[in-house]
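Reader: I am new to this structure and would like a close look at a single part of it. Please start from one residue and work outward from there.

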Amino acid sequence: MNVYDSARMADVLAPLGYRPVDEPDGADMVILNTCHIREKAAEKVFSELGRLRRMKDRKAEAEDGRMILAVAGCVAQAEGEEIVARAPFVDMVFGPQTYHTLPEMVAKASRAAGSVLNTDFPAESKFDFLPEETASQGVSAFLAVQEGCDKFCTFCVVPYTRGAEFSRPAAQILVEAKRLVAGGTREINLLGQNVNAWHGDGPDGSSWALGRLIRELAEIDGLERIRYTTSHPRDMADDLIRAHAEVPQLMPYLHLPVQAGSDRILAAMNRKHTADDYRRLVDRLRTAKPDLAMSGDFIVGFPGESDADFAATLKLVSDIGYAQAYSFKYSSRPGTPAAVDGGQLPEDVKEARLSALQQLLNAQQVAFNHGFIGRSVPVLFDRIGRRNGQLLGRSPWMQSVHAEANERLLGRIVEVRVDAALANSMAGTVATGEFTTASFPRNPSFPPAQPLEASA
Ligand code: SAM
Ligand code: SF4
């Protein structure tokens with residue numbers, strides 16, 4: 001979401017003469033777009049600001065003009081006053097719902113000494129005021145369709161920093177998607193903190209949910225792949241599950257966070273689903289789409305989590321079999337209900353549990369990728385690789401694949417035979433022929449027949 005937001009800020013700033021550069025040193029403006037989800041991410045902001053202050057001073061000393069220094073995003077939203085107090089050399093501090101007002105903020109910051117602070121939740125939606133994208137977003141693009149959250153999981157800052165759940169109108173999304181495809185995009189990743197809660201009125205006046213939106217997007221000529229992230233188990237509607245079976249452009253990969261495997265902890269987290277609800281949901285998804293690769297988010301060391309609770313998380317992971325996942329130590333966030341829970345766990349317990357969980361998830365990821373060695377997969381090449389003559393792309397199951405390939409294959413879906421597989425990437429050889437959406441091969445051995453046993 002922050003990558004998407006940063007690109008849209010660049011769009012807003014383009015008419016003022018700003019264009020993105022690779023390095024902050026010497027830049028006329030530097031915006032730190034920040035994340036508040038865990039303490040570590042938020043702490044980084046202040047250390048980074050110290051580094052940027054020196055660059056700002058150097059530019060002023062060299063009489064090379066002024067560097068406008070800004071902090072945007074969720075840390076700005078949550079800790080705006082503190083940033084202004086601790087780092088008065090910062091010129092602008094603004095939250096995620098305000099970046100359409102950047103031209104006014106820049107004008108104010110250029111005139112006045114002192115920081116411009118803007119952490120409002122404006123009545124109007126920023127999406128109604130953002131300009132068209134100035135540059136092609138590339139072969140694989142993000143498109144924000146939903147923002148904010150009303151679920152209030154007891155550990156999470158999102159409802160406070162991003163605000164209430166909001167869905168962009170379908171017509172606006174379809175126009176943006178068509179523009180992206182006309183600019184060369186072949187894959188769109190629909191974004192939202194709770195993307196599967198998206199709903200809106202279709203251009204025909206009827207009420208649409210995400211499944212319907214995906215079906216409409218699939219009609220866009222030239223759009224080969226559709227993905228969406230991040231979903232909540234409670235919002236996985238029947239039509240969206242059916243879309244996985246029926247829409248060939250919808251990729252067989254789903255990021256569906258569960259957070260924990262213990263019902264006691266899930267209740268304390270206010271997740272409003274049990275571990276078995278999640279198991280049943282994944283069963284239904286895999287019935288609809290047998291080769292669906294699952295991804296998830298996990299939090300270990302939530303206040304009050306016992307050894308038995310943690311064992312239930314390992315059991316759930318073993319039962320599901322993940323192709324990929326993100327796991328975190330619980331991080332106490334100011335203002336959230338879990339932060340004042342008396343059962344906070346010591347760091348070494350969280351550390352040990354995270355390591356055990358990651359060992360298991362990593363083994364599953366390696367096993368999943370190894371299952372592809374010797375097979376051909378359709379890879380959408382979306383980037384130049386680090387090595388000369390190498391292209392990078394993604395399989396339908398979100399695996400990163402690199403191969404020696406001619407640059408003319410950028411933006412195409414190409415058959416690649418997998419020669420080697422690690423946890424985070426696969427290497428392959430370009431085979432002859434290109435895939436079209438209709439000819440994606442089905443992989444009969446998905447999901448792995450025998451879930452891996454917990455190694456911890
Ligand atoms: N809306 C998605 C859901 O509920 O499944 C998750 C979006 S959240 C921005 C991304 C992930 O950050 C969460 O799934 C959770 O695993 C992690 N996270 C959020 N708050 C956290 C906290 N206080 N400590 C550790 N991890 C956290
Ligand atoms: Fe945060 Fe996701 Fe829970 Fe919303 S549903 S509060 S974004 S973890």
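What is the relative accessible area of K329?

Author: The model is a predicted one. In it, K329 has a relative accessible area of 24%. Buried means under 20% and exposed means over 50%, so K329 is classed as partly exposed.

K329 has a partner in E351. The two form a salt bridge, and their closest N and O atoms are 3.0 Å apart. K329 belongs to strand β14 and E351 to helix α12, which spans residues 347–370, so the bridge ties together parts separated by 22 residues in sequence. E351 is also partly exposed, because its relative accessible area of 41% falls between the two limits.

The strand that holds K329 leads on to ligand 1. A nitrogen atom of this ligand is 2.8 Å from a polar backbone atom of S331. An oxygen atom of the ligand is 2.6 Å from a polar side-chain atom of D297. Two elements give two or more residues each to the shell around ligand 1: β13, residues 293–300, and β14, residues 324–329. R38 supplies a further contact, with a polar side-chain atom 3.4 Å from an oxygen atom of ligand 1. The protein covers 90% of the 570 Å² of accessible area that ligand 1 has on its own.

The shell around ligand 1 has 18 residues, and those that come nearest are Q193, Q259, R271, D297 and S331. Sorted by class, the shell consists of seven nonpolar, six polar and five charged residues.

R271 leads from here to ligand 2, since it is among the residues that surround that ligand as well. The others there are C149, K151, F152, C153, F155, C156, V158, P159, N194 and H232. This shell divides into seven nonpolar, two polar and two charged residues. Three of its cysteines also appear in the UniProt record: an unreviewed entry gives the annotation "binding site" to C149, C153 and C156. C153 sits in the loop between β6 (146–147) and α5 (158–161). With a relative accessibility of 8%, under the 20% limit, C153 counts as buried.

Back to salt bridges. The pair of E351 and K329 can be set beside others, as the structure holds 35 salt bridges. In one of them, D319 joins R279, with the closest N and O atoms 2.9 Å apart. This pair links distant parts of the chain, 40 residues apart: D319 is in helix α11 (residues 307–320) and R279 in helix α10 (residues 275–288). D319 is partly exposed, at a relative accessible area of 31%.

K59 and D28 make another bridge, with the closest N and O atoms 3.1 Å apart. Here too the pair links distant parts of the chain, 31 residues apart: K59 is in helix α2 (residues 39–61), while D28 is in the loop between α1 (2–13) and β1 (29–34). The two ends of this bridge fall into separate classes: K59 counts as buried at 5% relative accessibility, whereas D28 is partly exposed at 45%. Salt bridges also form a network, which links R8, D11, R168 and E176.

For the start of the chain there is a further UniProt feature. An unreviewed entry places "domain: MTTase N-terminal" at residues 1–111. In the model this span is 53% helix and 13% strand, and its end C-alpha atoms lie 31 Å apart.

Two more strand residues complete the picture. R225 is in strand β11 (residues 225–229), and it counts as buried at 0% relative accessibility. Its side chain reaches the backbone oxygen of R394 at 2.8 Å. S400 is in strand β17 (residues 400–404), and it is buried too, with a relative accessible area of 14%. From S400 to V158, which is one of the residues around ligand 2, the C-alpha to C-alpha distance is 29 Å, and the two are 242 residues apart in sequence.

Notes: Residues are numbered from 1 along each chain as its sequence is written. Chains are lettered from A and ligands numbered from 1 in the order in which they are written. This is a predicted model: local features need pLDDT of at least 70, side-chain atom pairs count only at pLDDT 80 or more; totals for chains, interfaces and linings use all residues. Side-chain values use heavy atoms; hydrogens and water are left out. A residue is near a molecule or strand if one of its heavy atoms lies within 4 Å of it. A polar contact is a pair of N or O atoms within 3.5 Å; within protein, one must be able to donate a hydrogen and the other to accept it, and residues adjacent in sequence count only if both atoms are side-chain atoms. Accessible areas come from the Shrake-Rupley method with a 1.4 Å probe; for residues, only the protein chains shown count as cover. Helices (H or I, at least four residues) and strands (E, at least two) are DSSP runs, numbered from the N terminus. Ala, Val, Leu, Ile, Met, Phe, Trp, Tyr, Cys and Pro count as nonpolar, Asp, Glu, Lys and Arg as charged, and the others, Gly among them, as polar. A salt bridge is a side-chain nitrogen of Lys or Arg within 4 Å of a carboxyl oxygen of Asp or Glu. Buried means under 20% relative accessible area, exposed over 50%, partly exposed in between (1.4 Å probe, protein chains only). UniProt positions are given in the numbering used here, feature names are shortened, and annotations may be inferred rather than shown by experiment.
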